[in-house]
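Trainee: I would like to learn how to read a structure like this one, beginning with the whole chain and ending with a pair of helices. Could you take me through it?

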Amino acid sequence: MIRQPDPKPDVMRRRDSIVAGLRKLLPESGVIAEPLRLKPYETDGLTAYRQVPLAVALPETTEQVAAILRFCHQNGVRIVPRGAGTSLSGGALPLEDGIVLGMMRMKKILDIDFADRCATVQAGVTNIGITNAVSANNFFYAPDPSSQLACMIGGNVGMNSGGPHCLKYGVTANNLLGLKIVTIEGEIIDIGGAHLDSAGYDWLGLLTGSEGQLAVVTEVTVRILHGPEGARAMLAAFKSNEIAGAAVDAIISSGVIPVALEFMDRPAIHACEEFAHAGYPLDAEAMLIIEVEGSVTEQDILLEKLSDICRRFDPISIRVSQSPEESLAIWKGRKAAFGAVGRISPDYLCMDGTIPTSRLPEVLRRTQEMAAAVNLQVANIFHAGDGNLHPLIMYDANDPASLHKAEVLGADLLKLCVEVGGCLTGEHGVGVEKRDLMHVQFEPHELEQQRRIKSAFDPEWLLNPSKVFPLAEPAVAAAVLPQAA
Amino acid sequence: MQTNFTTDQLQDPDTASSNAVLRTCVHCGFCTATCPTFVLLGDELDSPRGRIYLIKDMLETGRPATEEVVRHVDRCLTCLSCMTTCPSGVNYMHLVDHARTYIAETYRRPLAERWLRTILGLVLPRPHLFRLALKGAGLTRPIGKLVRGDTMLANRLRAMLSLAPAKVPPASPVETPRVYPAEGPRKARVALMTGCAQQVLMPRINEATIRLLTRLGVEVVVAKGAGCCGALNHHNGQHDSAMALAGANIDAWSRESAGEGLDAVVINASGCGTTVKDYGFMFRNEPEPRRSRAEQISGLTLDITQFLTRFGYAPSRPPPGLTVAYHSACSLQHGQRVTAEPKALLAAAGFRVVEPKEPHLCCGSAGTYNLLQPVIAGQLKERKLENLKATGPDLISAGNIGCITQLSGAGLPVVHTVELLDWMAGGPPPPGIPG
């Protein structure tokens with residue numbers, strides 16, 4: 001079980017006056033403080049960990065966010081920023097003495113510029129909301145996390161989210177142009193803009209993936225892209241996870257880069273087929289969803305090359321989608337995969353390790369062996385082309401021993417990722433889930449350096465403080481706040 | 001998701017079902033994105049996932065419902081958009097139905113609210129009372145303009161008076177129990193649910209349905225003893241009256257089924273259809289033979305567009321050259337997952353069919369919701385009308401009386417899908433159609 005920091009007694013004593021202070025800054029419905037109404041905010045997409053917060057604040061403008069942060073800073077109150085609460089690493093797990101800063105009322109599309117191919121939106125706009133706002137003109141926003149229907153762009157920036165199509169288009173960091181952020185002191189700062197590459201140090205790069213620990217993002221300017229001429233998906237079914245992993249390695253090392261290359265194993269295929277009715281191969285042990293883009297000729301050539309590679313791995317079947325509806329169903333199943341696992345298991349922990357693709361066969365085999373050894377079921381659904389694994393460890397939350405076993409297996413799987421030259425997280429963030437494993441990845445002095453960066457932005461460690469770094473380590477003295485801000 | 005029920009609590013069959021529903025939820029949050037109240041209000045508590053959490057806590061602790069929980073459960077439209085979105089297959093409908101009954105049993109609403117709910121539960125399911133009430137409301141309609149203020153009471157009064165039609169149509173003779181023989185050889189025999197509020201507000205829908213079906217060679221039975229489906233009471237937590245109404249329908253149609261036989265129970269108000277298709281679940285703990293009869297009736301039930309798709313439909317008139325914006329009623333698209341059939345039938349009938357943006361979002365009608373939550377309902381209505389109008393249609397068609405009432409009066413004719421199908425197959429044009 002994950003340890004939460006001890007609440008500050010003086011903050012807990014001042015609870016009523018803190019709530020009263022927040023009420024002065026927001027309309028009535030924007031502050032939640034009644035115990036019963038706080039309860040649904042106690043967890044996000046990682047339900048194994050729960051903590052009822054001190055209060056919830058729901059701002060609608062950047063100015064309100066600034067006022068809240070200024071108030072919290074003055075009163076020593078910790079803040080946990082939260083988008084749609086879909087984090088699988090517990091990124092929005094509240095603190096007993098902290099407020100949850102819910103961004104879901106900040107959902108305005110502020111500007112769309114087709115000529116310069118960018119869009120500026122508030123942080124609470126959903127990922128798919130950006131694409132929906134520009135799709136009539138055949139534009140789209142490329143990073144597409146599976147939770148894109150619900151997850152919000154502010155959270156995508158915080159976690160540097162990926163998605164199936166990031167194999168070709170890159171992750172959030174590669175599609176960001178500008179941010180409006182609010183510092184812990186309540187200062188509003190614009191970084192970057194509608195142009196490629198921001199002036200000076202790469203502050204965008206630093207802030208992306210900082211998990212709400214450096215500042216609160218209130219507006220985001222993203223690159224929007226013109227849609228491809230066409231796209232087609234193909235399903236290739238294999239006799240084992242290891243063989244499918246070897247096929248992925250062969251595809252990537254051949255130099256043919258499809259727009260997406262996704263992996264699903266038997267439990268995942270069955271759970272998703274029940275929801276999406278996409279005609280997945282139910283007789284396969286593992287399946288790859290491979291998508292290519294371009295003109296019809298381009299698609300044909302690429303699909304032929306990819307089929308040739310797959311045929312070297314004794315596939316059970318290879319099926320190319322014949323219509324846009326068919327492709328849509330194929331993706332509907334993939335994108336709903338984590339939720340669909342709810343059909344076969346009451347609870348799961350979703351891991352997010354990333355490894356070099358050449359190590360896929362070995363790691364997939366060892367994953368199965370390690371799960372079997374502790375008698376747990378694992379479903380694999382992941383971005384194979386990026387080597388970004390998502391073993392879903394199934395457990396039963398009504399049985400505490402089962403959760404503990406799942407946590408231990410999860411940690412072992414992530415250690416395996418680091419061992420083969422990979423890392424703990426590809427796109428879900430460290431959050432609270434992988435916090436205590438950071439020492440597997442980093443030496444103490446490396447962690448210390450990263451803490452200094454956090455301290456430079458937030459000397460008192462008020463912004464999402466109990467995430468990313470192991471709890472036990474002492475806080476570090478503040479560095480000087482960078483001038484470029 | 002983890003639950004904390006004692007073995008004792010799980011002895012209660014309703015709690016056991018709710019526990020099973022809760023265990024299916026993995027708290028992924030997908031449902032929040034397509035929930036109309038979350039989209040409008042931006043608060044986890046007004047999302048399906050938040051409500052599931054509130055209900056879970058209420059049921060686990062076993063304490064009486066409190067104002068905070070009731071407030072957020074009351075704001076749920078029961079549009080079931082969340083169930084279409086949910087990848088895990090969480091049966092939110094059964095969970096919220098249980099919560100509503102639990103609230104009705106353990107929470108004392110303010111006096112005015114109790115009266116309102118009791119009166120709605122008494123009047124709406126009874127056509128003669130409802131007709132009388134509407135006539136009264138019609139007379140007092142001008143008063144609506146005089147009601148001022150932004151209190152819940154003022155908003156509700158205005159909503160009720162604005163929804164009352166200026167002129168109540170006379171009662172139609174078609175709802176009297178009888179058998180309408182098929183024209184020509186009988187190819188099928190169905191029971192038609194004539195419903196409650198719909199036959200008062202728009203008797204022409206049942207008339208069109210009977211005309212169309214009999215013309216196609218279907219014998220239509222309006223069964224004696226059948227009436228309101230019970231949905232209005234069911235969604236207000238009035239469990240006993242809902243079961244009584246549902247039971248009467250089950251008995252009436254079972255008699256027909258056992259007698260001359262039924263190929264289907266046909267329903268042309270999709271809100272009712274969703275509930276009748278759930279009779280099997282509602283009666284799961286009832287003694288035999290009621291339990292199996294309920295299941296059998298649910299299995300026989302089809303929306304009119306499902307029946308026509310299976311049975312076959314062809315127009316006899318030339319295409320009218322009209323563009324129809326098809327409004328997908330939540331009870332049809334989410335409750336019954338009937339999405340393609342109405343559009344395909346309208347296209348087969350010769351209409352150009354267009355669909356609005358955000359087709360998954362509710363129009364705000366939702367049974368008695370537009371009377372009980374007029375502010376949210378009004379916002380959803382405006383949003384829906386704007387999206388519908390943007391498609392540039394000549395008229396709007398929908399498969400549920402609630403939506404038809406909600407969207408009417410905004411400059412475009414709103415008709416039931418079956419009226420258009422009947423028209424193109426030889427029936428009269430529905431009123432208000434541009435010619």
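Mentor: We will go from the overall form of one chain to its contact with another chain and then to two helices, keeping in mind that this is a predicted model.

Trainee: What does the radius of gyration say about chain A?

Mentor: A compact globule of 485 residues would have a radius of gyration near 23 Å, and chain A, with 22 Å, therefore agrees with that expectation. Its C-alpha atoms fill a box of roughly 65 × 55 × 40 Å along the principal axes, and buried residues make up 52% of the chain. The secondary structure of chain A comes to 17 helices and 18 strands.

Trainee: How many residues does each chain bring to the contact between chain A and chain B?

Mentor: Chain A brings 32 residues and chain B brings 28. On the side of chain B, α5(B) gives the most, with 4 residues, and that side divides into 12 nonpolar, 11 polar and 5 charged residues.

Trainee: How are two packed helices described?

Mentor: Two packed helices are described by the angle between their axes and the distance between the axes. Here the axes of α9 (residues 241-254) and α11 (residues 296-311) of chain A come within 9 Å and cross at roughly 140°, so α9(A) and α11(A) are oblique to each other.

Trainee: Which residues of α9(A) and α11(A) meet?

Mentor: Ala247(A), Ala250(A), Ile251(A) and Ser254(A) of α9(A) meet Leu306(A), Ile309(A) and Cys310(A) of α11(A); this contact divides into 6 nonpolar residues, 1 polar and no charged.

How values were computed:
Residues are numbered from 1 along each chain as its sequence is written. Chains are lettered from A and ligands numbered from 1 in the order in which they are written. This is a predicted model: local features need pLDDT of at least 70, side-chain atom pairs count only at pLDDT 80 or more; totals for chains, interfaces and linings use all residues. Helices (H or I, at least four residues) and strands (E, at least two) are DSSP runs, numbered from the N terminus. The radius of gyration is taken over C-alpha atoms; the globule rule is 2.2 Å times the number of residues to the power 0.38. A residue is buried if 20 or more other C-beta atoms lie within 10 Å of its own, exposed if 12 or fewer, and partly exposed in between; C-beta atoms are placed from the backbone. Two residues are in contact if their C-beta atoms, placed from the backbone, lie within 7 Å. Ala, Val, Leu, Ile, Met, Phe, Trp, Tyr, Cys and Pro count as nonpolar, Asp, Glu, Lys and Arg as charged, and the others, Gly among them, as polar. Axes are lines fitted to C-alpha atoms, for helices over the stretch in contact, and angles run from 0 to 180 degrees between N-to-C directions. Angles under 35 degrees count as roughly parallel, over 145 as roughly antiparallel, 65 to 115 as roughly perpendicular and the rest as oblique.
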